[in-house]
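Visitor: I'm new here, so please take me through this one piece at a time.

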Amino acid sequence: MDPESRKEPVGIIFDTDIGNDIDDALALALLHTFESRAECHLLAVTITKDNALAAPFVDVVNTFYGRGNIPIGTVRNGVTPEDGNFLRPVVEAETAGKQWYPHHLQSGQDSPEAVDLLRKVLGQQPDQSVVIVQVGFSTNLARLLKTEGDEYSPLNGVELVKQKVRLLSIMAGA
């Protein structure tokens, strides 16, 4: 492919309930693979699972792929506070005080609130440039749509999404 004809990587926000099962971790790994191929740019990860270990788990995955600087936002007063089967074993795995899987976040409480991060990241992006990939609960997106203008954008949530998001891909069903 002619380098000059390459498209810009797609800016993606991944909104996930990571920790309830393994599909979200695999989806995040795929996004990192696409970023390694310069097909996307992971702008942020927002989490709808209200568990303190979910954000450190995402940080483990991002750090594994060499992208420990990707912003992570967490829901406050969300659902599913349980650890699930793999958050704690991965985040807390260590030998002689050395982490098996390096990460910087120790708790989701150390990360920004998800809706604030969504507004900040969207406010910084060109119009119609962002793809939001949402797997799990719609808590963060529903709350985003109800927001008013703020320091990140004078637009309310609906207007901000209409202006900045070109595609919303939602895994939905029962």
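**A threonine to start from**

Visitor: Which strand is Thr 46 found in?
Guide: Elements here are DSSP runs numbered from the N terminus, with helices (H or I) of at least four residues and strands (E) of at least two. Thr 46 belongs to the run covering residues 40-49, which is strand 2.

Visitor: What kind of model am I looking at?
Guide: Residues are numbered from 1 along each chain as its sequence is written, and side-chain values use heavy atoms, leaving out hydrogens and water. Local features need pLDDT of at least 70, side-chain atom pairs count only at pLDDT 80 or more, and totals for chains, interfaces and linings use all residues, this being a predicted model.

Visitor: Is Thr 46 buried or exposed?
Guide: Buried means under 20% relative accessible area and exposed means over 50%, with partly exposed in between (1.4 Å probe, protein chains only). Thr 46 has a relative accessible area of 0%, so Thr 46 is buried.

Visitor: Which side chain makes a polar contact with the side chain of Thr 46?
Guide: Contact means heavy atoms within 4.5 Å, and leaving out residues up to four places away in sequence, Thr 46 touches residues including Phe 14, Asp 15, Gly 73 and Leu 118. A polar contact is narrower: a pair of N or O atoms within 3.5 Å where, within protein, one must be able to donate a hydrogen and the other to accept it, and sequence neighbours count only if both are side-chain atoms. At 2.5 Å, the partner is Asp 15.

**The sheet**

Visitor: What is the order of the strands in the open sheet?
Guide: Two strands pair if DSSP finds at least two bridges between them. Strand 1 (residues 10-16) and strand 2 run parallel and share seven bridges, and within that pair Ile 13 stands opposite Ala 44. The whole open sheet has five strands with parallel pairing, in the order 3-2-1-6-7.

Visitor: Which strands stand at the edges?
Guide: An edge strand here has a single partner strand, so one side is left without a neighbour in the sheet. That goes for strand 3 (72-79) and strand 7 (165-171).

Visitor: At about what angle does helix 2 run to strand 2?
Guide: Axes are lines fitted to C-alpha atoms, for helices over the stretch in contact, and angles run from 0 to 180 degrees between N-to-C directions. Helix 2 (residues 54-64) lies across strand 2 and strand 3, and its angle to strand 2 is about 155 degrees.

**Helix 2 and the cores**

Visitor: How many residues of helix 2 are buried?
Guide: Phe 57, Val 58 and Asn 62 are among the buried ones. The buried residues pack against helix 1, strand 2, strand 3 and helix 3. Helix 2 is mostly covered, and out of 11 residues the buried count is nine.

Visitor: Which helix gives the most to the largest nonpolar core?
Guide: A nonpolar core is a set of buried Ala, Val, Leu, Ile, Met, Phe, Trp, Tyr and Cys residues joined through side-chain atoms within 4.5 Å. The largest one has 25 residues, and Phe 14, Leu 28 and Phe 57 are among those touching the most other members. Helix 1 (23-36) and helix 3 (87-91) are among the elements giving two or more residues. With five residues, the one giving the most is helix 2.

**Charged pairs**

Visitor: Which residue is linked with Asp 83 and Glu 92 in a network of salt bridges?
Guide: A salt bridge is a side-chain nitrogen of Lys or Arg within 4 Å of a carboxyl oxygen of Asp or Glu, and there are five in this structure. Asp 83 has its closest N-to-O pair with Arg 88 at 2.6 Å, while Glu 92 meets Arg 88 at 2.7 Å. The residue linked with both in the network is Arg 88.

Visitor: How many residues apart in sequence are the parts tied together by Asp 150 and Arg 119?
Guide: Their side chains meet in a salt bridge at 2.6 Å, N to O. Asp 150 sits in the loop between helix 5 (139-145) and helix 6 (157-164) and Arg 119 in helix 4 (residues 114-124), so the pair ties together parts whose separation in sequence is 31 residues.

Visitor: Is Arg 119 buried or exposed?
Guide: Its partner Asp 150 is partly exposed at 25% relative accessible area. Arg 119 has just 1%, so Arg 119 is buried.
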